[in-house]
Amino acid sequence: MSDSLVIIPTYNEKENIEKIIRKVFSLPYHFEILIIDDGSPDGTAQIVKGLQNEFPMLHIEERKGKLGLGTAYIHGFKWALERNYEYIFEMDADFSHNPDDLVRLREACVNGADVAIGSRYVKGVNVVNWPMGRVLMSYFASMYVRIITGINIQDATAGFKCYRRKVLETIPMEKIKFVGYAFQIEMKFTAIKYGFNVVEVPIIFTDRTEGTSKMSTRIFREAFLGVIQMKVNSWFRNYNR
């Protein structure tokens with residue numbers, strides 16, 4: 001059994017899922033993978049289950065219906081905490097996050113970070129294949145988060161992360177309210193409020209070449225308004241460990 005679990009939420013990722021699984025299992029460090037599939041009608045879950053005999057460290061949890069990114073990760077966090085994993089990762093299925101960087105994120109946590117973020121903006125703007133409008137929207141969204149919340153994170157919406165187990169044991173998951181990109185902001189904000197050491201590791205983010213993006217105006221709106229709500233709510237919360 002590995003001490004490191006990579007959680008990958010999926011919805012209609014049949015073009016990418018086998019390739020991403022094989023890539024992670026080819027890495028020099030032995031990671032385990034947990035797929036959280038939200039009832040993909042394209043057969044993503046069946047592809048994963050077909051690979052489990054070949055890869056004993058591949059796990060899948062199936063949920064009924066598209067229930068949201070945040071709830072998928074929280075499901076995965078609870079699954080991981082019931083087992084003996086020390087390093088727990090979030091990663092997309094579409095290769096926008098380079099699996100090679102899993103090793104670097106883990107090393108950051110081994111060397112003192114409590115949360116390691118794969119950051120697109122900590123050293124300039126490192127994004128490939130995004131239209132300029134989306135780059136600017138993402139970049140200024142992170143700036144907006146810094147202004148409203150006061151946290152010094154350059155890539156506040158990043159979804160490529162490694163958590164030490166103690167972080168997920170400390171954060172009360174029932175108080176995490178957001179399900180889209182605001183979930184990523186809320187998890188970083190909450191970890192920092194609890195006093196954990198959150199560091200950014202520079203990565204190159206490459207937009208998906210296969211499958212369909214899950215971004216929508218509703219998700220963006222939730223993030224925009226949610227940041228203000230999250231900051232106000234924090235004034236009334238106790239973050240003592």
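Let me start with the pairing of β1 and β2: these two strands run parallel and are joined by six bridges. In that pairing, Leu5 stands opposite Glu32 in β2. Before I go further, please keep in mind that this is a predicted model.

On its other pairing, β1 meets β4, again in parallel, with four bridges. There, Ile7 stands opposite Glu90 in β4. How many of the residues of β1 are buried? Seven of the seven, so the strand is largely enclosed by the rest of the structure. Both of its faces are covered. Ser4, Val6, Ile8 and Thr10 lie on one side, with Leu5, Ile7 and Pro9 on the other.

Next, β7. Strand β4 pairs with β7 through four bridges, and here the strands are antiparallel. Tyr163 in β7 is the bridge partner of Ile88. Strand β7 is also joined to β5, antiparallel as well, by three bridges. In that case Ile117 has Lys161 of β7 as its bridge partner. As for the side chains of β7, Lys161 and Tyr163 point one way, Cys162 and Arg164 point the other way, and all are buried. Note that the buried set on this strand includes a lysine and an arginine, Lys161 and Arg164.

Cys162 brings me to the cysteines. How many disulfides does a search of the whole structure find? Zero. You may have looked at Cys109 and Cys162 on the screen and wondered about them. The sulfur of Cys109 has its closest cysteine sulfur in Cys162, at 3.6 Å, which is too far for a bond. The cut-off for a disulfide is 2.5 Å between the sulfur atoms. Both residues are buried: Cys109 has a relative accessible area of 0%, and Cys162 likewise comes out at 0%.

Now the nonpolar cores. The largest has 40 residues. Which residues have the most contacts inside it? Ile7, Phe77, Ile171, Met173 and Met187. Ile7 we have already met, opposite Glu90. The elements giving two or more residues to this core include the strands β1, β2 and β5, and the helices α3, α5, α6, α7 and α8. Apart from this core lies another, of 31 residues, with Phe25, Phe31, Phe55 and Ala93 among them.

Back to the larger core for one residue, Met173. Leaving aside residues up to four places away in sequence, Met173 touches Ile74, Phe77, Lys78, Leu168 and Met187. Two of those names, Phe77 and Met187, were on the list of residues with the most contacts in the core.

Met187 also gives us a way to place Ala156. The two are 31 residues apart in sequence, and their C-alpha atoms are 9.7 Å apart in space. Ala156 is in the loop between α5 and β7. Is Ala156 buried or exposed? Buried, with a relative accessible area of 1%. Beyond its neighbours up to four places away in sequence, Ala156 touches Ser142, Val145, Gln184, Ile185 and Lys188.

A second loop residue to look at is Arg63, between β3 and α3. This arginine is buried, at 11% relative accessible area. With the same sequence neighbours set aside, the residues Arg63 touches are Ile36, Asp37, Asp38, Gly39, Gly68, Thr71, Ala72 and His75.

Last topic, the aromatics. The count comes to eight aromatic pairs. One of them is Phe31 with Phe89, an edge-to-face pair, 5.4 Å centre to centre with 85° between the planes. This pair links distant parts of the chain: Phe31 is in the loop between α1 and β2, Phe89 is in strand β4, and they are 58 residues apart. Both Phe31 and Phe89 are buried. Trp79 and Tyr85 make a stacked pair, at 6.2 Å centre to centre and 20° between the planes. Trp79 and Tyr85 are both buried too.

Trp79 has a further partner: the charged end of Arg83 sits over its ring, 3.8 Å from the centre. Likewise, the charged end of Arg106 sits over the ring of Tyr29, 3.9 Å from the centre. Finally, Tyr73, Phe77, Tyr163 and Phe183 form one aromatic cluster. Within that cluster, Phe77 is a residue from the core list, and Tyr163 is the β7 partner of Ile88.

Notes
Residues numbered from 1 in each chain as written. Predicted model: local features only at pLDDT ≥ 70, side-chain atom pairs only at ≥ 80, totals over all residues. Heavy atoms only, no water. Core = buried A, V, L, I, M, F, W, Y, C linked by side-chain atoms within 4.5 Å. Buried < 20%, exposed > 50% of the residue type's maximum accessible area, 1.4 Å probe, protein only. Contact = heavy atoms within 4.5 Å. Phe/Tyr/Trp six-rings, centres within 6.5 Å; stacked < 30°, edge-to-face > 60°. Lys NZ or Arg CZ within 6 Å of the ring centre and 35° of its normal. Pairing = 2+ DSSP bridges.
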